[in-house]
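The following exercises concern a single protein chain. Each task is followed by a solution in steps.

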Amino acid sequence: MAIALCVRECKAEDKNNSLNGSQGKEIHFDHFQEDDIHVHLESLLLALVEKMNYGHCYALLFDEVYESVLNEYFFHQIHRAARYIVKIAQDEDTFSPRPALKCILEDIRRVGCGGYVLLMANGIQLERLLRFGDKTRILDTRARYIIMHNYRLFIPQLNYIWKRIVDVLFVRPLRRKNFNWKQQNRSNLPPVYELSTVPFPMPINGVFFSKIVNFWQAGKFRLANSTFFANKTNDLRHQSMHVVVLEHTPAVFKLETRDGMSSSAVARNESDNENNSSAPSSPPKSFYYGLEIELLKAISKAMRFDMVFYETFDADVERWGTLQDNETLTGLLREMYEGRADFALADLHHTEYNLGFMDLSIPYNTECLTFLTPEALSDNSWKTLILPFNREMWAGVLISLFSVGFVFYAFSNTLTLIHHHERGYQPEQDLVQRHYKRKHRKPNTWSRFRKNRSGVVFKSKVIHGLTRLLRKTHRHKKSSRKGTHYYSASSLKKLQMIPFKRKPEPWHDPLPAYDIFDTFSGCIMYTYSMLLLVSLPRLPNGWPLRVLTGWYWVYCVLVVVAYRASFTAILANPIPRLTIDTLQDLAESSVRCGAWGEQNKLFFQMAQDPYSQAIGAKLEHAPNPNEAVDKVSEGMYAYYENIYLLRQLRSTRKSEKARQTLHIMQECAVHMPISIGLEKNSPLKYQVDRHVRALIEGGLTRKWLSDAIERFQSNVELPPQEATIDLKKMYAGFVALCLGYVLALFAFLGEKLYWTYYIETNPAFDKYLHGIMFRKRV
């Protein structure tokens with residue numbers, strides 16, 4: 001603990017001060033010599049430092065007036081402990097100290113010295129030093145101080161200092177009056193020192209009155225069994241503590257009574273808030289409950305103080321408050337910074353930003369801060385047919401389709417080249433040629449007779465020829481009698497057009513392929529049909545092609561089985577959701593982000609990862625949570641808050657569709673510790689931390705948290721029900737059918753354009769020869 005000693009310099013006064021002339025009596029004041037005062041002050045300081053529990057070190061600051069007190073005897077008698085000895089120059093501005101003095105004070109605070117002894121006769125310097133130490137926290141206000149009494153320290157403008165520095169002793173040398181005619185023999189008595197302290201926890205209103213602790217004279221204390229540095233924060237004696245609150249889930253909830261409200265609800269809240277009264281600025285008949293309310297109620301019972309709850313007049317707009325351009329604060333931060341409130345209950349984040357305006361207790365809870373993002377159902381029923389395989393799988397299937405078709409075509413042509421001699425002889429063409437020669441041969445009866453020497457054969461042929469001749473003659477006579485010409489079907493079949501010697505044109509039908517895999521188009525078509533489990537019209541002729549076909553069938557079966565299994569799972573599973581669940585997804589999306597206050601924006605901008613910095617660049621101020629949630633429902637906004645408040649905001653949406661489109665991001669941006677706010681440099685922090693730690697270890701904070709979020713805890717994102725096969729699921733079939741129609745239409749138009757602008761414009765085109773197939777005959 002640090003002990004500050006404020007020394008008041010006594011000046012000499014006139015020895016000849018007369019009273020009223022009628023009395024005719026003179027009063028003389030005998031003043032102590034400076035050396036004698038310092039000797040007695042030295043022994044008093046030794047006694048006080050011995051009774052002060054300053055920890056492992058203390059600091060002693062003095063000026064030239066009290067330099068003689070710190071002699072060799074003083075340091076020889078004092079405890080052998082680490083100490084800082086600092087001399088303050090007469091021209092030192094202690095409210096804006098030089099770098100050397102500031103560095104020493106910072107080092108004292110950093111090592112945690114628990115005692116300050118300030119021997120400074122200049123009250124102005126001491127007052128400015130205390131104000132500088134309180135503003136910058138360079139002095140530990142919860143340390144122990146010994147201060148010499150000085151009237152400049154107790155002006156109303158410094159009363160807030162003595163609400164924060166409560167473990168302090170003021171040392172004041174008392175004046176002794178000696179009347180020459182009566183007390184001549186007592187002029188050499190030792191001086192008397194008054195030891196006083198601040199009247200904490202009694203409030204200081206206007207004039208400061210110190211509380212006397214003891215007196216010192218002749219090397220001993222006048223009062224026995226007195227405690228100089230008592231713990232004044234254990235029992236606050238039912239003093240009223242102003243508590244500024246801000247409604248925020250799950251810390252504080254607000255309940256306002258209205259006409260027609262049930263008396264049971266009011267009674268229940270009154271029982272839960274025994275000391276929950278409203279300040280003049282708060283609306284009447286307002287009751288507060290929640291996690292931090294229950295936490296502070298338990299602390300108030302242990303420390304015995306009463307609570308006065310109130311809200312700031314601009315709580316609905318400014319909420320926690322912001323730092324304006326003119327260095328002024330608004331909202332709850334202004335109340336705490338100006339010392340109007342002793343506690344703050346507003347779900348405060350334990351950050352350096354808030355510590356700049358108030359003190360914070362140890363964290364009682366850790367909240368997940370994340371984003372409320374828009375959610376969309378991925379209605380991709382139209383592409384169900386391609387969902388079973390990913391891009392890489394489809395690429396592999398298509399590549400294998402064309403590559404295997406090319407392999408079949410290569411095998412077929414290779415076999416054709418190897419066995420070309422087997423396809424050189426065509427029996428059908430040979431029969432046509434022999435029939436043609438036999439038809440145009442001149443008849444030679446003698447040679448036929450000589451050639452066919454057998455009489456039986458010759459006789460049968462002659463008889464057969466005569467029979468045919470008689471039949472023709474009979475038919476000719478019968479038809480001539482009727483007066484008409486009749487051609488039989490057999491005679492019409494024998495009619496042939498004059499063959500023109502021309503090359504086959506592109507519009508003529510090509511010669512039929514020898515095997516099913518002889519053409520590249522046939523290879524692609526049949527391999528594709530095999531992939532769809534359509535049987536081939538016949539097996540290929542060559543055994544190499546038959547073996548290749550068999551193994552390709554095995555591959556097709558495996559692919560089709562995998563596709564069917566995945567397709568069945570897609571039809572049976574529910575429709576997937578398109579959600580943003582990581583900071584990377586949010587940073588890469590076009591969704592704008594919103595959060596309350598500039599401190600949240602600074603938090604993301606000062607982060608190390610690039611995704612948080614990208615979010616901080618597009619983060620904007622969102623003063624109203626309900627309006628922010630409405631923007632999220634529209635689909636292009638994300639709102640940053642704790643997960644409990646986001647669940648409450650989602651559960652309070654009236655529209656079922658709005659509740660379904662709100663999604664809480666699974667990844668937490670940060671696990672933020674939450675604390676109770678106290679006045680800056682509050683002396684109650686140690687006791688509050690001790691009780692908060694005990695409540696956490698007892699599990700009460702977890703119980704109160706579950707009670708606070710009980711209403712909307714059940715509002716969680718339920719997984720979608722198992723999907724059924726409906727018409728919407730079969731959109732992919734209709735899409736494939738429509739796609740086939742469109743492709744067929746384009747193929748028809750392409751074929752029509754090809755015929756019109758390529759075939760018919762060919763000079764060799766003859767419209768009378770459609771469908772005639774020309775073959776080269778030898």
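Angles under 35 degrees between helix axes count as roughly parallel, over 145 as roughly antiparallel, 65 to 115 as roughly perpendicular and the rest as oblique. The axes are lines fitted to C-alpha atoms, for helices over the stretch in contact, and the angles run from 0 to 180 degrees between N-to-C directions. The model is predicted: local features need pLDDT of at least 70, side-chain atom pairs count only at pLDDT 80 or more, and totals for chains, interfaces and linings use all residues. Residues are numbered from 1 along each chain as its sequence is written, and side-chain values use heavy atoms, with hydrogens and water left out.

**Exercise 1. Describe how helix H10 and H16 pack, and name the class of their arrangement.**

Step 1. Helices (H or I, at least four residues) and strands (E, at least two) are DSSP runs, numbered from the N terminus. H10 spans residues 391-418, and H16 spans residues 543-572.

Step 2. The angle between H10 and H16 is about 170°, and their axes lie 11 Å apart. The two helices are therefore roughly antiparallel to each other.

Step 3. Contact means heavy atoms within 4.5 Å. Among the residues that make this contact are Trp394, Phe408 and Phe411 of H10 and Leu548, Tyr552 and Tyr563 of H16.

Step 4. Ala, Val, Leu, Ile, Met, Phe, Trp, Tyr, Cys and Pro count as nonpolar, Asp, Glu, Lys and Arg as charged, and the others, Gly among them, as polar. By these classes, the contact of H10 with H16 has 15 nonpolar, 3 polar and no charged residues.

**Exercise 2. Repeat the analysis for H15 and H16.**

Step 1. Helix H15 (residues 520-531) packs on H16 at an angle of about 45°, with the axes 8 Å apart. That makes H15 oblique to H16.

Step 2. H15 contributes Thr527, Met530 and Leu531, while the residues from H16 include Trp553, Cys556 and Val560. This contact divides into 8 nonpolar, 2 polar and no charged residues.

**Exercise 3. Place strand S8 in its sheet and decide whether its residues are buried or exposed.**

Step 1. Two strands pair if DSSP finds at least two bridges between them. An open sheet of mixed pairing is formed by 8 strands in the order S4-S3-S5-S6-S7-S8-S9-S10. Its edge strands, S4 (82-87) and S10 (220-221), each pair on one side only.

Step 2. S8 (residues 192-197) pairs with S7 (residues 168-174) in the antiparallel sense over 5 bridges. Tyrosine 193 is the bridge partner of proline 173, and leucine 195 that of valine 171.

Step 3. S8 also pairs with S9 (residues 211-217), in the antiparallel sense over 6 bridges. Here threonine 197 has lysine 211 as its bridge partner.

Step 4. Buried means under 20% relative accessible area, exposed over 50%, partly exposed in between (1.4 Å probe, protein chains only). In S8, 6 of the 6 residues are buried, so the strand is largely enclosed by the rest of the structure. Val192, Glu194 and Ser196 are buried on one side, and Tyr193, Leu195 and Thr197 on the other.

**Exercise 4. Which residues have the most contacts inside the largest nonpolar core?**

Step 1. A nonpolar core is a set of buried Ala, Val, Leu, Ile, Met, Phe, Trp, Tyr and Cys residues joined through side-chain atoms within 4.5 Å.

Step 2. The largest has 100 residues, and Trp162, Phe305, Phe343, Leu345, Phe371 and Leu684 have the most contacts inside it. Helix H6 (residues 291-303) supplies the largest share, 6 residues.

Step 3. Beyond its neighbours within four places in sequence, phenylalanine 305 touches residues including Leu236, Met241, Ile299 and Phe343.
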